[in-house]
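Good morning, colleagues. Please have the sequence and the coordinates open, as I shall move through them one region at a time.

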Amino acid sequence: MSWSLGEMAALALKATRGAGLPWGLAEEAAGAVFWLHQRNLPGISALCGYLASRDQPQRTGTALCPLVTGAALSDGSHPCPSQMDDTIDLGVVAAPLLLLPFVATISPGTIWLEAGAASTATSSPPDHWHSDWLRGSAACQLRCAAGPQIDPGHAGQTRLADHFACCVDRLTGYAHRTYAPATSQSRLAGAGAGLTDND
């Protein structure tokens with residue numbers, strides 16, 4: 001398997017829509033997953049976990065949707081800290097890693113996302129990210145810092161690593177929900193089909 005990040009984002013778009021979210025939020029999910037993988041962060045794992053939790057609401061309880069929360073932050077409809085070391089509580093958010101791209105791109109680019117008591121985000125390698133950032137939920141907070149949370153120089157990845165094959169399979173399952181089933185009319189309209197025999 002060798003997927004470009006563009007192919008992965010297209011799959012994330014269809015999978016999110018197949019899981020029942022509106023197209024607008026599906027586009028936000030695709031953009032967030034692309035942004036994370038550019039920086040070698042496991043966005044597709046977080047999306048898999050979040051979409052699975054929507055099928056089992058008891059896993060996240062009343063946690064906020066990271067895509068809706070992120071869109072509200074990007075649109076300016078949710079307040080953000082503006083002074084050094086100011087903080088704002090967001091409440092409990094599901095799969096907080098999916099929220100990170102929205103927070104990181106808020107002007108001037110120095111807002112940090114913190115989630116859970118033991119999972120303060122840094123620019124550490126992805127293996128160091130606490131599992132609450134990927135699955136389940138965590139109490140999240142925004143903090144205004146002196147510099148960016150994720151080093152912009154880390155945005156160099158262009159392909160999806162092979163060890164995400166399981167996530168690709170799961171997202172493909174969600175994406176199949178967006179496909180319309182074949183009908184007798186569509187079969188007749190397909191290439192090589194029809195009632196006319198020219199042989």
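The buried residues of helix H4 are covered by several elements, including H1, helix H2 (23–38), H3, strand S2 (87–94), helix H5 (100–104) and S4. I should say at once that this is a predicted model. H4 itself spans residues 66–75, and its buried residues are Pro66, Leu67, Thr69, Gly70, Ala71 and Leu73. Just after H4 comes glycine 76, with a positive phi of about 80 degrees.

Let me place this helix in the whole chain. There are 7 helices and 5 strands, and from the N terminus on they follow the order β-α-α-α-α-β-α-β-β-β-α-α. The chain has 199 residues, of which 42% count as buried. Of the contacts with a separation of 6 or more, 79% are between residues 24 or more positions apart. The exposed area is about 10,100 Å², and carbon and sulfur atoms supply 51% of that area.

On confidence, the mean pLDDT of the chain is 85, with 84% of the residues at 70 or more. Residues 118–128, however, have a pLDDT below 50, and in the model this stretch makes 21 contacts beyond near neighbours in sequence. Where pLDDT is low, predicted coordinates should not be read in detail. I shall therefore not interpret the 21 contacts of that stretch individually.

I turn to the interior. In soluble globular proteins, nonpolar side chains tend to be buried together. Here the largest nonpolar core has 53 residues, and the members that touch the most others are Ile44, Leu51, Leu113 and Leu171. Helix H3 (residues 43–55) gives the most to this core, namely 7 residues.

Which residues does leucine 171 touch, beyond those up to four places away in sequence? They are Leu11, Ala12, Ala15, Ile44, Leu47, Cys48 and Leu51.

Threonine 16, in helix H1 (residues 5–18), deserves separate attention. Is threonine 16 buried or exposed? Its relative accessible area is 0%, so threonine 16 counts as buried. Apart from neighbours within four places in sequence, threonine 16 contacts Leu21, Leu25, Ala26, Ala29, Leu47, Leu51 and Leu67. Leu67 is also one of the buried residues of H4.

Arginine 17 is in H1 as well. At a relative accessibility of 30%, arginine 17 is partly exposed, because the value lies between the limits of 20% and 50%. Leaving out residues up to four places away in sequence, arginine 17 touches Pro22, Trp23, Ala26 and Thr178. The arginine 17 side chain also reaches the backbone oxygen of leucine 21, at 3.0 Å. Between arginine 17 and glutamate 27 there are 8.8 Å from C-alpha to C-alpha, with a sequence separation of 10 residues.

Next, the strands. Strand S3 (residues 111–115) is mostly covered, with 5 of its 5 residues buried. In a regular strand, side chains alternate between the two faces of the sheet. In S3, Ile111, Leu113 and Ala115 point one way, whereas Trp112 and Glu114 point the other way, and all are buried. S3 and strand S4 (residues 137–144) run antiparallel and are joined by 5 bridges. Within this pairing, glutamate 114 stands opposite glutamine 141 of S4.

Finally, the backbone geometry. Most residues other than glycine have a negative phi, and most peptide bonds are trans. Three places in the model depart from this pattern.

The first example is asparagine 40, in the loop between H2 and H3. Asparagine 40 is not a glycine, yet has a positive phi of about 60 degrees. With a relative accessible area of 43%, asparagine 40 is partly exposed.

Another is aspartate 85, in the loop between H4 and S2. Here phi is positive, near 70 degrees, again in a residue other than glycine. Aspartate 85 counts as exposed, because its relative accessible area of 51% is over the 50% limit.

The remaining example is a peptide bond. Serine 107 and proline 108 are joined in the cis form, with omega about 5 degrees. Proline 108 belongs to the loop between H5 and S3.

Thank you; I am glad to take questions.

Terms used. Residues are numbered from 1 along each chain as its sequence is written. Side-chain values use heavy atoms; hydrogens and water are left out. Helices (H or I, at least four residues) and strands (E, at least two) are DSSP runs, numbered from the N terminus. Buried means under 20% relative accessible area, exposed over 50%, partly exposed in between (1.4 Å probe, protein chains only). Contact means heavy atoms within 4.5 Å. Accessible areas come from the Shrake-Rupley method with a 1.4 Å probe; for residues, only the protein chains shown count as cover. pLDDT is the predictor's confidence in each residue, from 0 to 100. A nonpolar core is a set of buried Ala, Val, Leu, Ile, Met, Phe, Trp, Tyr and Cys residues joined through side-chain atoms within 4.5 Å. Two strands pair if DSSP finds at least two bridges between them. A polar contact is a pair of N or O atoms within 3.5 Å; within protein, one must be able to donate a hydrogen and the other to accept it, and residues adjacent in sequence count only if both atoms are side-chain atoms.
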